[in-house]
Structures are given as C-alpha cells and as structure tokens.
Amino acid sequence: YDYLWSSISYCNKVIDKSEEGFQKTQAGEPGYSISKEVKEQIIVESRAVRVFCYFNLCTWFGGVPIVTSSTDHRPIIPKQTQDSVYRFMENELKEVIPFLPTKSERMNMTKDYGRVTKGGAEAFLARIYLEQKKWQECADLTTKLYEDNQRTREYGLEGNYADIFSLQNEGYSNSEIMWALPAAGCINGKAVSGMVLHAQLSRPKKDEEGQPDSGYFPNNYNWGDMSVKRDFYNTFDKNDKRRELLVTVFTDLKTGRLIDWLAESEWNKPIMNKYPADPSTDGSVSGNDFIIIRWADVLLMRAEALNELGDAGEAVDMVNLVRNRAGLRELDATADFGNDKKKISDHIYNELRWEFYFECQGRRTMKRFNKLVDHIARTSGDAGTNVARYLYLPFPAVAMTANPGLTQNSGYK
C-alpha cells in the first residue's frame, strides 16, 4: 500500500514539475529548458504509470482516494468507490493513449526500454475492462490490437516460452513484452533494483563445509521456496512446454547427484524456474524485468471476452494461438466443447493459470472466475466464517490514522 502511494506521489510531482518547468522556460527563467513536446511526453507517460499504481491499489484494496496533484494537502481525502477508481483509470488512459508513441516510434526515439507505449497502454486498458467484466469494451479493444498487429507486426508470441523470461532476451528485441518494469539487479556487487527471486533450494543435508548440498542453480541463495503445489503441476498436459519451467528433477551442481525432487519427500514441490538466475546477483535482488503485460495477455483477454459474448469459435482460435506455442494440439469449439460457453470458460481459466503462473495474475483471475473465496476457504487455516472479506485487503492502520476519510474495508477492524 505504502509503496504504491509513494509511486503515485512521484508521478504527481513529475507531472506538476514538468508543467512548472515548461512555464518557467516560456517565461525565460534561467536554468529551465523544457520543450512543449518533452513536457507532454513526460506527463502522458507519468499518467499511464499512475494508472498502473491505481490499478494495483484498486484490485487489492477496492475503492481508494484519488489524488492527482502534488499540491493536494487536504487533511481528509475521501475514499472513492471502486467503480469511481475504475472510471478514473479508464478516462486517464483514453486521454493519454493518442499521445503515446508506438513501440517502433519509441525505439526510434530512445533506447530507454520500459517506457510505456501506445500498445502497452491499450493492452492495459483492456485489462481494466476485463477486471470489470466489461466484455464488449474488452473485446473491441483487444480486437483492435489484434487486427492492427496483423498489419504492423510489432508484437507476437515468442517461439520458445522460456525466451519470454530470458535475461538475454530482455528489451525491445522481445516481441511478446508490451510493457515491463526494467530491473538493474546488482551492479558492481551493490543491489540497485529488481525482484526478490529466491527460487533456489535450501536442502537439509550439509556438505563437508557445512553448506547445503543443493545446487540446481550455480549462484545458490541457500534459501527460498518459490514453488507450486503438486495438484497444480498435475493439471498440466505432460507435453505442455510451459510445465518444463517447473523443475522436479535436476542434477545437484555441488555433488553431481541426480535428484528426483518430488520422490525425495512428500513435502517437496515443483520448483519455479520461470525466471532464470541472475549471475550478477549478490543474493538479494535479481535483474529480471517485471512483465506488466504481454501479447499472450491480449490473445487470452480477447478469448475470454469473446466467449462471454457468444463467439465460441473465435475465442477458441485465440486460445489455440497460445496452445500452439506450448506444443499442444489445437482445440475445436464444437468437437471439444460443444460450443458450450461454460465449458470454454472453464478451459480459458485453466489456460490462464498455465500461461501466467508466477506473473502476479492468479488472484485476479480466481476472483474474476468466482473461484477465489472457495480457494481461500479450502486452503487457509484462519479464513474463519467471513471468507469473503479476503477479496480485499485491510487498509494499514497508519493509513487510516493519516487520512480520516479512509474507511476500513468490510470484515476488518
């Protein structure tokens, strides 16, 4: 909560200072030099990034206050409804998208990978529609993206699923990434920015030096448990290439021993190796970029929306584009699902889980498909009787104290 609000505050300051700098440039004040074009690009990009922050607040906490200026010092800022926050995000992106460069234009403008593009913002707007189950708006926008891309070929599925996440394939050369947060990782042994990816094993058996004899990764962190449940692993088709990034058998790099991880203990779970180990890490942050949205999102958002609108055939065609990359057979809306919307929806749900595991989409997907409450009730030891309260998180006490206009979410004190 605090990090997201800090980011919104930074966005507001950048927007306000850009306008201020431009006005002082126009007035001829010494020390200021910012053109109208640069000012406008900074502002539209900052507004898009601010939407990304609000989206995360909105999906985790529901309705939140809306603050759009660094000079807004109201002591009481009322909490807006979730619908109001969604409308704000929609309007913001609709206003800035026409002024954002395409991926190709961005590449010609700057080498600063990670800055938002028109395609990335449009795809993110489609996600906002999807979360609200605005099926027609989502279908229209993803169809526009799909048809435009037939002409421009700016985006596409990477041929190899693992290449999406490869450290060597980060940047504009990755055809699938539409918007990402670049990470520097560690530079000269010092942590700069990045994700904490402790996928490495910590095994109880010690070697002669007293260190765990694990070593699936060459730069073992010696702790961490980024893994999936066996039940989820077993839902994959055995030929699904996406399953290959969930490791169950490996050679211990320290001992040379072949380890069947799942057979060793009933408590062991498949290890997530979707994000490769960063060789420059000091054991803290990794330089793997955080993917906000990618081309497979567009295809499966379009599939979900079209299916809800009754276009089973085209919906399954979109699913097949993603399945083809995974090495799986194509499905047929009639032969495999009898054109049944519910059956296709159930499959799209599974396809989303298989495609986007460990990409921060699971909770939203489960909620959208009305599966989150049952999942919490089934797996949580302290869910209690009011499980539905977990659809949203409680606001931190410090936030409640700082802003009396913030009312606590239902089910929390």
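In this predicted model, Arg257 has a relative accessibility of 30% and therefore counts as partly exposed, since that class covers the values between under 20%, which is buried, and over 50%, which is exposed. Its partner in a salt bridge is Glu264, and the closest N and O atoms of the two side chains are 3.2 Å apart. Glu264, with a relative accessibility of 39%, is likewise placed in the partly exposed class.

A second pair can be followed within one helix. Lys342 and Asp346 both belong to helix 11, where they stand 4 residues apart, about one turn of the helix, and they form a salt bridge whose closest N and O atoms are separated by 2.9 Å. Lys342 has a relative accessible area of 52% and is exposed because the class begins over 50%, whereas Asp346, at 28% relative accessibility, counts as partly exposed. Elsewhere, salt bridges that share partners join Glu176, Asp240, Arg242, Lys274, Arg294, Arg323, Arg325, Glu351, Glu355 and Glu359 into one network.

The pair formed by Arg50 and Glu92 offers a buried case, for both residues are buried and their side chains meet in a salt bridge with an N to O distance of 2.8 Å. This pair links distant parts of the chain, with Arg50 in helix 2 and Glu92 in helix 3, 42 residues apart. Counted over the model, the salt bridges come to 31.

Charged residues without such a partner deserve separate attention. Asp289, found in the loop between strand 7 (271-272) and strand 8 (290-294), is buried yet has no salt bridge, and the nearest side chain of opposite charge, that of Lys103, is 12 Å away. Which residues, then, does Asp289 touch, not counting residues up to four places away in sequence? They are Tyr113, Glu170, Leu181, Pro182, Ala183 and Met195. On the surface, by contrast, Asp311, Asp317, Glu330 and Asp332 form a negative patch. One of these, Glu330, is placed in the loop between helix 10 (312-325) and helix 11 (341-356), and helix 11 is also the element that holds Lys342 and Asp346.

The last region to consider brings together two places that are remote in sequence. Ile77 sits in the loop between helix 2 (36-61) and helix 3 (82-96), while Asn403 lies in the segment after helix 14 (397-402). Although 326 residues separate Ile77 from Asn403 in sequence, their C-alpha atoms are 6.5 Å apart in space. Ile77 has a relative accessible area of 12% and is buried, because this value falls under 20%; Asn403, at 12% relative accessibility, also counts as buried.

The contacts of these two residues, leaving aside residues up to four places away in sequence, fill in the surroundings. Ile77 touches Pro65, Val67 and Asp72, and also Asn403, Gly405 and Leu406. Seen from the other side, Asn403 touches Pro65, Pro75, Ile76 and Ile77. Pro65 thus appears among the contacts of Ile77 and again among those of Asn403, and the two residues also touch each other.

Technical notes: Residues are numbered from 1 along each chain as its sequence is written. This is a predicted model: local features need pLDDT of at least 70, side-chain atom pairs count only at pLDDT 80 or more; totals for chains, interfaces and linings use all residues. Side-chain values use heavy atoms; hydrogens and water are left out. Helices (H or I, at least four residues) and strands (E, at least two) are DSSP runs, numbered from the N terminus. Buried means under 20% relative accessible area, exposed over 50%, partly exposed in between (1.4 Å probe, protein chains only). Contact means heavy atoms within 4.5 Å. Patches are made of residues with over 30% relative accessible area and no salt bridge: like charges are joined within 9 Å, nonpolar side chains (Val, Leu, Ile, Met, Phe, Trp, Tyr) within 5 Å. Accessible areas come from the Shrake-Rupley method with a 1.4 Å probe; for residues, only the protein chains shown count as cover. A salt bridge is a side-chain nitrogen of Lys or Arg within 4 Å of a carboxyl oxygen of Asp or Glu. Lys and Arg count as positive and Asp and Glu as negative; His and the chain ends are not counted. The place of a charge is taken as NZ of Lys, CZ of Arg, CG of Asp or CD of Glu.
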